[in-house]
Amino acid sequence: MGEPLRIHAGIVALFVIVALSNISAAQSSRKHSRTSTDSVRLPGAAFAAMQKIDPERIRAHVRFLSHDLLEGRGTGQRGGDIAAEYIGTQFALYGLKPAGDNGTYLQKVPMVGITPEPETTFSLIAAHGEGKSLKPLDEYVAYDQTQQQQSDVDAEIVYVGYGIEAPEYKWDDYKGVDVRGKVLLVLVNEPPSDDVNFFKGKALTYYGRWTYKYEEAARKGAVGVILIHQTEMASYPWEVVRNSNSGEKSYLKLDGSPKLKVASWVQFEVAKQMANTSGMDLDKMMTDARSRDFHPVAMPVKLKAHMVSKIRPFESNNVLAMLPGSDSRLRSEAVMYTAHYDHLGIRPDMPGDNIYNGANDNATGCGILLEIARTYAEAGQRPHRSMLFASVTGEEQGLLGSEYLGKHPPVPAGKISLDLNYDDIPPLGSPEEVEVSGAERTNFYSEVEAMAKTFRLTIRPDSPIRAWISLAMPRWRDLDLCWDGRPRPKANW
Ligand SMILES: [Zn+2]
């Protein structure tokens, strides 16, 4: 960890906004509906709760969670487990009800660690027989999501543009083409547009994420996906892909959903060369993909891959606590606050300080979540709805804890009216803007707008790189609870 953290009033203001909006949403739900231009009048109990928020407490949580002793809170590692115990212990001290397994604060999340072995081979074979064996990490990265020790793929490659099927935007890259048994070549991100009604304009939707591309391809029966990395489109360099795809990677234990034998990225130059040897032009292919009329293209090239993996089953935990609501009718509903506690652990092969402390990402979100939980627990008046506090694991591994929580929620998913997620909130200066990622597509948006106005903050559209506060309806697209999980440059904080 570098210099001591300074938690500014700004961070607290961000917290207050959301905490209060929640109380006021619960209390005003049966009264009038506010227009987006009204500012918010704070209920007395909410105002009193706001006065109790203590930035020093947030600072203390951040300091502990990002201490070297916690070894970067790696998923399934000792430091991560200590962080989970710490958070659960705080919940207990606040007097919150356990909402994990068997009356505890912990919800077991069964996972599997997969490490590609050096015997793995990955070759592109042109129709006229010429083959090119790719170099791991420099030219490609690949994981076997089927969690087998060995898998073989020998399949034709089909270019499917962005690989998106989104009826709400009248967009379908697949056009009903049967891709069963194929390997799909896919662009990252989504078709570029400034039109907010088309993939939300410049903002990023779930369709742009690499996790979606893998999931959709697997649902359609493909055996593999090759994502083409281009810095400009991905908004992060190859090193980020390389770093987050080397060594062991964690997955949820198989639960029957379809998986890819080869989930891979290739470096842009490799894709370009592959297109050239196939008599195609990658630039033109990329332009073609921007059209609604795009149609999948079978390429005269095959992927021949022999995937060899080391498989390590293990368990990690989500940490869950509940504050029952005060209204006999509404308490079966819940408002959920989330923040992931995991970070990237230690890199043993790196010389010097090799601990990824993750003070920003996401000890800050955890500190805020804990202070929200404490303030609720000690408030003189309880909100009508129940409050569910969830600190999730495996976010850096691909939102695994959120996915598991979405599939196994302690309150039925249809009864969770709102999820407010805190991730990576840098304590720098006083904020003038706030990002409330995903808010526009919820019916809570007018509250968000009113709250931002009250606190004189401008709402900024979702950045593809960083979400400050994420907000998502949990039933949206396979219960994807959390929107910020893209690979990001490694940093100590
Ligand atoms: Zn994060």
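## Overall make-up

The chain has 12 helices and 19 strands, both taken as DSSP runs numbered from the N terminus (H or I over at least four residues for helices, E over at least two for strands). This is a predicted model, in which local features need pLDDT of at least 70 and side-chain atom pairs count only at pLDDT 80 or more, while totals for chains, interfaces and linings use all residues. Residues are numbered from 1 along each chain as its sequence is written.

Of the 493 residues, 50% count as buried. A residue is buried when 20 or more other C-beta atoms lie within 10 Å of its own, exposed when there are 12 or fewer, and partly exposed in between, with C-beta atoms placed from the backbone. Among contacts with a separation of 6 or more, 82% link residues 24 or more positions apart; a contact here is a pair of residues whose C-beta atoms, placed from the backbone, lie within 7 Å.

## Where to trust the model

The average pLDDT (the predictor's confidence in each residue, from 0 to 100) is 83 for the chain, and 84% of the residues score at least 70. Two stretches deserve a cautious eye. Over residues 1–38 pLDDT stays under 50, and the model has 80 contacts beyond four places in sequence for them. Residues 464–493 also have pLDDT under 50 throughout, with 99 such contacts beyond four places in sequence. Where pLDDT is low, the predicted coordinates should not be read in detail.

## Helix 10 and its two partners

Let's start with helix 4 (residues 78–94), whose axis comes within 9 Å of that of helix 10 (residues 359–378), crossing at roughly 15°. Axes are lines fitted to C-alpha atoms, for helices over the stretch in contact, and angles run from 0 to 180 degrees between N-to-C directions. The two helices are therefore roughly parallel, on a scale where angles under 35 degrees count as roughly parallel, over 145 as roughly antiparallel, 65 to 115 as roughly perpendicular and the rest as oblique. Their crossing is right-handed, meaning that the near helix is turned clockwise from the far one by less than a right angle (anticlockwise would be left-handed). Ile87, Gln90, Phe91 and Tyr94 of helix 4 meet Cys366, Leu370, Ala373, Arg374 and Ala377 of helix 10. By class, this contact has 7 nonpolar, 1 polar and 1 charged residues; Ala, Val, Leu, Ile, Met, Phe, Trp, Tyr, Cys and Pro count as nonpolar, Asp, Glu, Lys and Arg as charged, and the others, Gly among them, as polar.

Helix 3 (residues 55–65) also meets helix 10, with axes that come within 8 Å and cross at roughly 135°. Helix 3 and helix 10 are therefore oblique to each other, and this crossing is right-handed. On the helix 3 side the contact uses Arg57, Ile58, His61, Val62 and Leu65, while the helix 10 residues include Ala359, Ala363, Cys366 and Leu370. Sorted by class, the contact has 8 nonpolar, 3 polar and 2 charged residues.

## Two loop residues

Ile346 sits in the loop between strand 14 (334–340) and helix 10. Ile346 counts as partly exposed because it has 16 C-beta neighbours inside 10 Å. Gly72 is 274 residues away in sequence, but its C-alpha is 6.0 Å from that of Ile346. Beyond four places in sequence, Ile346 is in contact with Glu71, Gly72, Gly74, Asn354 and Ile355.

Gln145 lies in the loop between strand 5 (140–143) and strand 6 (150–159). Gln145 is buried, with 26 other C-beta atoms within 10 Å. Leaving aside neighbours within four places in sequence, its contacts are Tyr251, Lys259, Leu260 and Ala263.

Technical notes: Contact = placed C-beta atoms within 7 Å.
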